[in-house]
Every structure is written in C-alpha cells, then in structure tokens.
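Trainee: I have a model open and would like to go through its helix packing and side-chain pairs. Could we take it step by step?

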Amino acid sequence: MEISNVDIGNRVRQLRKECGYTQEQLAEYAEISVDFLGLIETGRSSMKVQNLAKIASILNVTTDYLIYGTSPYKENARINTMLSVVPDSKRKQVEKLIALFLNALRSDEDD
C-alpha cells in the first residue's frame, strides 16, 4: 500500500473543515506554523510522527485513518468529528442529550 502525502493532506483538510477549524486554529492546537499546515494539506510536505499524532488526536481520528484512509470505527467517524468540537464545559450536557435521544428511539421501537 502506497502512502501519499497528497491523500494525507486531503484528509487533514477535509477533517479540519468538518470540525469547523480554520488553518490558523488547527496549526495553533497542533503547535505548528500555518505555513507548514498549508504544505501538509497540499501534500507538498510530510510530517514527523509526533505532528501526525497531534493532528489525529485534535481531529479525533486514528493515525491510520490519516495515513491510509481506513479506520476500524469508520461508521462513527462523523459522529466523533462532531463531538470533538464540543467544549469540555458542555460535554456532560451533550452526553445527557444523546442518552435522552437514544432512550426516545428505544421507546419508539417498543411501541
């Protein structure tokens, strides 16, 4: 399997946008320059494993997904991406809303 910097960069850019981050925000969170992030997203530069791991963690995906485009939890990737932008101060509220929603779905199925 060939590793492509262009493919990695495309995945980083797509996930960054899905998370609602600007290049400036993601670069700041990953502790890299905006210029370097631009080079990564366009596939003109590779990155150290440490930077790959940081970016994957921030975007809430595995490094395997960034490198190969595969993930063992691919069906949950969109939900995880949405949840990754929830501030810590609101996380408990979101968890309660999800639990209520799932309980409502279960009760609908029982009827």
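Mentor: The discussion below covers helix contacts, salt bridges and backbone angles. Please keep in mind that this is a predicted model.

Trainee: How do the axes of helix 1 and helix 3 cross?

Mentor: The axes of helix 1, residues 5-19, and helix 3, residues 34-41, cross at roughly 120 degrees and come within 7 Å. On the helix 1 side the contact is made by N5, G9, N10, V12, R13 and R16, and on the helix 3 side by L37, I40 and E41.

Trainee: And what classes of residue make up that contact of helix 1 with helix 3?

Mentor: The contact has 3 nonpolar, 3 polar and 3 charged residues.

Trainee: Which residue of helix 1 meets E41 in a salt bridge?

Mentor: R16 does, with an N to O distance of 2.6 Å between the side chains. Since E41 lies in helix 3 and R16 in helix 1, the pair ties together parts that are 25 residues apart in sequence.

Trainee: Are those two side chains buried or exposed?

Mentor: E41 has 2% relative accessibility and therefore counts as buried, the limit being under 20%. R16 also counts as buried, at 8% relative accessibility.

Trainee: Which other residues of helix 3 are buried?

Mentor: Besides E41, the buried residues in helix 3 are F36, L37, G38 and I40. Their cover includes helix 1, helix 2 and helix 4.

Trainee: What about the backbone just after helix 3?

Mentor: G43 is found there, with a positive phi of about 80 degrees.

Trainee: Let us change topic. How do helix 2 and helix 4 lie relative to each other?

Mentor: The axes of helix 2, residues 23-30, and helix 4, residues 49-59, come within 9 Å and cross at roughly 120 degrees. The two helices are therefore oblique to each other. The crossing of helix 2 with helix 4 is right-handed.

Trainee: Which residues meet there?

Mentor: Helix 2 contributes L26, Y29 and A30, which meet N51, K54, I55, I58 and L59 in helix 4. By class, this contact of helix 2 with helix 4 divides into 6 nonpolar residues, 1 polar and 1 charged.

Trainee: With which residue does K54 form a salt bridge?

Mentor: K54 pairs with E31, and their closest N and O atoms are 2.8 Å apart. E31 lies in the loop between helix 2 and helix 3, whereas K54 lies in helix 4, so the pair ties together parts that are 23 residues apart in sequence.

Trainee: How accessible are E31 and K54?

Mentor: E31 counts as exposed at 64% relative accessibility. K54 is partly exposed, with a relative accessible area of 30%.

Trainee: How many salt bridges does the count come to?

Mentor: The count comes to 2 salt bridges.

Trainee: One last topic, the backbone. What is the phi of E31?

Mentor: The phi of E31 is near 60 degrees, a positive value in a residue other than glycine. As general background, most residues other than glycine have a negative phi.

Trainee: And what phi does N60 have, and where is N60 found?

Mentor: N60 has a positive phi of about 60 degrees, although it is not a glycine. N60 is found in the loop between helix 4 and helix 5, the latter being residues 63-68. At 35% relative accessibility, N60 counts as partly exposed.

Technical notes: Residues are numbered from 1 along each chain as its sequence is written. This is a predicted model: local features need pLDDT of at least 70, side-chain atom pairs count only at pLDDT 80 or more; totals for chains, interfaces and linings use all residues. Side-chain values use heavy atoms; hydrogens and water are left out. Axes are lines fitted to C-alpha atoms, for helices over the stretch in contact, and angles run from 0 to 180 degrees between N-to-C directions. Helices (H or I, at least four residues) and strands (E, at least two) are DSSP runs, numbered from the N terminus. Contact means heavy atoms within 4.5 Å. Ala, Val, Leu, Ile, Met, Phe, Trp, Tyr, Cys and Pro count as nonpolar, Asp, Glu, Lys and Arg as charged, and the others, Gly among them, as polar. Angles under 35 degrees count as roughly parallel, over 145 as roughly antiparallel, 65 to 115 as roughly perpendicular and the rest as oblique. A crossing is left-handed if the near helix is turned anticlockwise from the far one by less than a right angle, and right-handed if clockwise. Buried means under 20% relative accessible area, exposed over 50%, partly exposed in between (1.4 Å probe, protein chains only). A salt bridge is a side-chain nitrogen of Lys or Arg within 4 Å of a carboxyl oxygen of Asp or Glu.
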